[in-house]
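Hi,

Here is the structure I promised to pass on. Have a look at it first, then read on for what turned up.

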Amino acid sequence: MQDLKAMLKKRARQNGMLVVVLVIVLFFQVITKGVILRPMNIANLVMQNAYVIILATGMMCCILTGGNVDLSVGSLCAFSGALCGLLMIGKGLNTWLVLMIVFGVAILIGVWNGGSIARFAVPPYIATLASQLIFRGGTYIVLKGVSYTTYPPEFLMLTTGFIPDFFGGKTLHITTMLLGIAACVICVLLDVKKRARKRKYKLEVSGVPFFVGRQALICGVILWFTSSLAAYKGMPVVLISVALIVLIYNFILEKTVAGRNLYAVCGNRKAARLSGINDDRVLFIVYLNMSVLAAIAGIVFTARMNSCSTMIGNGFEGDAIAACFIGGASPATGSGTILGALIGALVIGVLNNGMSIMGVQSDVQMCVKGLVLMIAVVFDQMQRKGR
C-alpha cells in the first residue's frame, strides 16, 4: 500500500510538472507572438538544450546516491570540446579516432572522481569541486588562448544534422512522420500490456474512457511534435541520441537490479550495505557514468556551436542540478526518476529559449531560473508535509 501511494505521488508530481511546462510554453507563445512554437524554433529548442537533458540524466543518478552532485560536469564539457578542437582541427586527426580518445579520457576522469569518492571517502562535493578546478584549468592549457572553429562535417552531423528522408517528401519529411507514428504505436502497446498485467494481478486500473483519453493525448502530442519537425527539416540526429539515452537510463533505473541498488543506497545506505549491496561500487559507477555523459554533452554542445572556447560549460552544472530538483528529485525520500529529470530539463530549456527570443539578458535569465528552482523545491516540500 505504501509503495502504491508513493507511486501515485510520484506520478502526481510528474503530471504537475508537465502542466507547468505547458503553462510556460503558452506564456512564451503569447509573449513572443507565436515564435516559440514555430517548426524552426522547435528544432532549435531540441538542439540547443540536448546537453541539459544529457547532463540531467547523469546528475539524477548522482542525486540518488544521497543528495550528492557532480560540480565538475561544466568543466568536463569544456575540456572535452577543447580536446576535440585541438585534435581534429589543430592536429588534423580522424574524427572517430578523436571521439574514441575523448571518451577514453572521460573514463579516466570518471575513475579519478569515482575512485576518490568510493575508495578514499572524499566527500563528492569536494572531489568534484577539485575536478572542476583541475579541468577548467586543463581547458585553458589545451586551448592556449586559441578558439578552434570549423569542425569536420561528420562531427557537426552529431548535433546540427537531420536524418535524411528516405521517401523523398517535398513539403513534409515523411520519415519523421513515420517515426512519430511508430512512437505512438509503441506507447499504446506498452500501456496496453502494462494495463493487462495489472488486471492479471487484480490491481486497480483506470477506467476505459480515461485510458483511451490518455492514449489519445499522448499520441496527439507526439504527432504534433513530429509533424512540426517534419514541416521544417525533419528530425534532428541529436534528438534520436538523447531519446536513446533517456530510454536506456530510465529502463536501468526502473527495471534492473542496478537501478534498485541505486534507490536502496539513496533510501538508507547503511541498510543497503547490510543487505549485501556494495555501496562503494554503486558510487564509483555513478560518477564514472557522469563523466562519460559529461563528455557526450560537451561533444554535442561543441558541435552545435561549431567552436570551442574556455567559456564553454559555465553554469552547466547549475542547469543540470536545477533540472533534477525541478523534476521532483528528493534524496531524503529516495525519489527521483529519469523522466522527472527530462521534465525539469524541458522547463529549463523552454525558459532559456523563451527568454532568449524575448532578448532577456543572461544575468536576468539566471535570476529567473534560480527563482523557478526555489519555487519548485518549496512547493515539493510543502506537498510532502501535506500543507
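**Salt bridges and the pocket around one of them**

Asp319 and Lys369 form a salt bridge, with their closest N and O atoms 3.2 Å apart. Asp319 sits in helix α14 and Lys369 in helix α16, so this pair ties together parts that are 50 residues apart in sequence. Both ends are out of the solvent by the usual cut-off: Asp319 counts as buried because its relative accessibility is 9%, under the 20% limit, and Lys369 is buried too, with a relative accessible area of 14%. Before you read too much into any of this, bear in mind that the model is predicted.

That pair also turns up in a pocket. The second largest pocket has a volume of about 760 Å³. It is lined by 29 residues, and the closest to its centre are Tyr51, Asp319, Asn352, Gln365 and Lys369. Two or more lining residues come from each of α2, α13, α14 (316-326), α15 and α16 (362-384). Which element gives the largest share of that lining? The answer is α16, with six residues. If you are thinking about the chemistry of the lining, the split by class is eleven nonpolar, 15 polar and three charged residues.

How many salt bridges does the count come to? There are three, and here are the other two.

- Arg214 and Asp191 meet through their side chains at 2.6 Å, N to O. Arg214 is in helix α9 and Asp191 in helix α8 (residues 174-200), so the pair ties together parts that are 23 residues apart in sequence. Arg214 is partly exposed, with a relative accessible area of 39%, whereas Asp191 counts as buried at 18% relative accessibility.
- Asp279 forms a salt bridge with Arg273, and the closest N and O atoms are 2.8 Å apart. Asp279 is buried, with a relative accessible area of 3%, while Arg273 counts as partly exposed at 43% relative accessibility.

**Helix packing**

Back to α2, one of the elements in the pocket lining. This helix spans residues 39-48, and its buried residues are Asn41, Ile42, Ala43, Val46 and Met47. An α-helix has 3.6 residues a turn, so residues three or four places apart point the same way. What covers the buried residues of α2? The cover includes α3 (50-63), α7 (153-160), α9 (208-230), α10 (237-255), α13 (279-305) and α15 (338-358).

Two of those covering helices, α10 and α15, also meet each other. Their axes come within 9 Å and cross at roughly 145°. On the α10 side, the residues in contact are Val246, Tyr249, Asn250 and Leu253; on the α15 side, they are Ile338, Leu339 and Leu342. By class, this contact has six nonpolar residues, one polar and no charged ones.

**One distance to keep in mind**

Leu339, from that contact with α10, can also be set against Leu178, which lies in helix α8. How far apart are the C-alpha atoms of Leu178 and Leu339? They are separated by 24 Å, and the two residues are 161 residues apart along the chain. Leu178 itself is partly exposed, with a relative accessible area of 40%.

Cheers

Definitions and conventions. Residues numbered from 1 in each chain as written. Predicted model: local features only at pLDDT ≥ 70, side-chain atom pairs only at ≥ 80, totals over all residues. Heavy atoms only, no water. Buried < 20%, exposed > 50% of the residue type's maximum accessible area, 1.4 Å probe, protein only. Helix = DSSP H or I, 4+ residues; strand = E, 2+ residues; numbered from the N terminus. Contact = heavy atoms within 4.5 Å. 1 Å grid on protein atoms, 1.4 Å probe; cavity = no way out; pocket = protein on both sides within 12 Å on 5 of 7 lines; lining within 4 Å. Points joined across faces, edges and corners; volume = space filled by probe spheres on them. Nonpolar A, V, L, I, M, F, W, Y, C, P; charged D, E, K, R; others polar. Salt bridge = Lys/Arg side-chain N within 4 Å of Asp/Glu carboxyl O. Axes fitted to C-alpha atoms, helices over the stretch in contact; angles between N-to-C directions.
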